[in-house]
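Here are my comments on the structure you sent, set out as numbered points. I have kept to strand pairing, the nonpolar core and the surroundings of the ligand.

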Amino acid sequence: MTIPDKKHGLEAFRIAGLPPDFYYIPNFITAEEEASILHKIPAQRWTHLTHRRLQAHPSTLTKNNTLLAAPLPVYLTRPIIPRFKELSIFDNTPYQQPNHVLINEYKPGEGIMPHEDGNAYAPVVATVSLGGSLCLDIIAKPTSPEQTRDLEADATRLLQGLNGFTLPTRIFQEPRSLLITTGDAYRDLMHGIEAIEIDEDLNADTVANWDLVADRESIEKNGGQSMRETRISLTYRDVLRVSSAASKVLGGFGKR
Ligand SMILES: O=C(O)CCC(=O)C(=O)O
Ligand SMILES: [Fe+2]
């Protein structure tokens, strides 16, 4: 991709009509880079869940959401992290770059229940998609019935005013794309992936990032449908609590 100028760079990729801030960048990595990453994901590190499998790098967080400081493997950092820097994606997080990557794999018919990512992380997630396409569902957080009524009324007014989308809505994620979720969108919304084999009824009225999708043509040719294939996502985050105990010991040895 051509990196646009820093200050205005991301703005061109904002998903208009959704609460701030979501950005969708198609073709963030090349097909060669995608193939190289897919090849390097270690086959022996998967944890199997009912509807997907996953692995955490450099490791799973401890029970109190602490990351044991360790470098990320190089295939996850290059060329991706320098590109994040050019776009200033993590400039406002404590370590100014991601220190943790979750790799999730979804086969056709698999998904992830609606959830929020919570406060173990700085409120910025950068998701690189590999392999297949699918829709991420964007959902309002459940609140008390009265709050929900008030919030829905507010949200409807706001969204109609902005010519926006009412929630729930969908973001279509193509292979090699980057999705950034930050600000209110990180804090106030939930996201999930339906466990289905075909994403249907895809068009400008039902997909929030339709204008930014690179291959709209294939979907249109296919009557608004997109068949699921195996998709792997890399979710980059900056974990707030980092313990350097292990690295101090190693560092100590290193100095002898
Ligand atoms: O695969 C994705 O894009 C979403 C993964 C996700 O929501 C998570 O790891 O928290
Ligand atoms: Fe998530």
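The points below take the core first, then the strands, then the ligand.

1. The coordinates are those of a predicted model, and every remark in this note should be read with that in mind.

2. The largest nonpolar core contains 49 residues, and within this core the residues with the most contacts are Ile 15, Phe 22, Tyr 24, Ala 126 and Ile 171. Strand β7, which spans residues 124-131, supplies the largest share of this core, namely 5 residues.

3. Ile 15 deserves a look of its own, since its contacts can be listed in full once residues up to four places away in sequence are left out. On that basis Ile 15 touches Phe 22, Tyr 23 and Tyr 24, together with Ile 171, Ala 208, Asn 209 and Leu 212. Among these partners, Phe 22, Tyr 24 and Ile 171 are also listed with Ile 15 as residues with the most contacts inside the core.

4. Is β7 largely enclosed by the rest of the structure, or largely open? Of the 8 residues of β7, 7 are buried, and the strand is therefore largely enclosed by the rest of the structure.

5. The pairing of β7 involves two strands that I would examine together. With β10 (residues 178-182), β7 runs antiparallel and is joined by 5 bridges, and in this pair Val 124 has Thr 182 of β10 as its bridge partner. With β14, β7 also pairs in the antiparallel sense, here over 6 bridges, and Leu 130 has Ile 232 of β14 as its bridge partner.

6. A further set of pairings centres on β3. Strand β2 (residues 47-48) and strand β3 (residues 53-57) run antiparallel and are joined by 2 bridges, with Thr 47 standing opposite Leu 54 of β3; the two strands form a hairpin in which 4 residues lie between them. Strand β3 pairs as well with β5 (residues 100-106), in the antiparallel sense and over 5 bridges, and in that pair Gln 55 stands opposite Ile 103 of β5.

7. Which residues surround ligand 1? The shell consists of Leu 102, Asn 104, Ile 112, Asp 117, Thr 127, Leu 136, His 191, Ser 233 and Thr 235, and the elements that give two or more residues to this shell are β5 and β14, the latter covering 231-237. Sorted by class, the shell has 3 nonpolar, 5 polar and 1 charged residues. Strand β14 thus appears twice in this note, as a contributor to the shell around ligand 1 and as an antiparallel partner of β7.

Conventions: Residues numbered from 1 in each chain as written. Chains lettered and ligands numbered in written order. Predicted model: local features only at pLDDT ≥ 70, side-chain atom pairs only at ≥ 80, totals over all residues. Pairing = 2+ DSSP bridges. Near = placed C-beta within 6 Å. Nonpolar A, V, L, I, M, F, W, Y, C, P; charged D, E, K, R; others polar. Core = buried A, V, L, I, M, F, W, Y, C linked by C-beta atoms within 7 Å. Buried ≥ 20, exposed ≤ 12 C-beta atoms within 10 Å, placed from the backbone. Contact = placed C-beta atoms within 7 Å.
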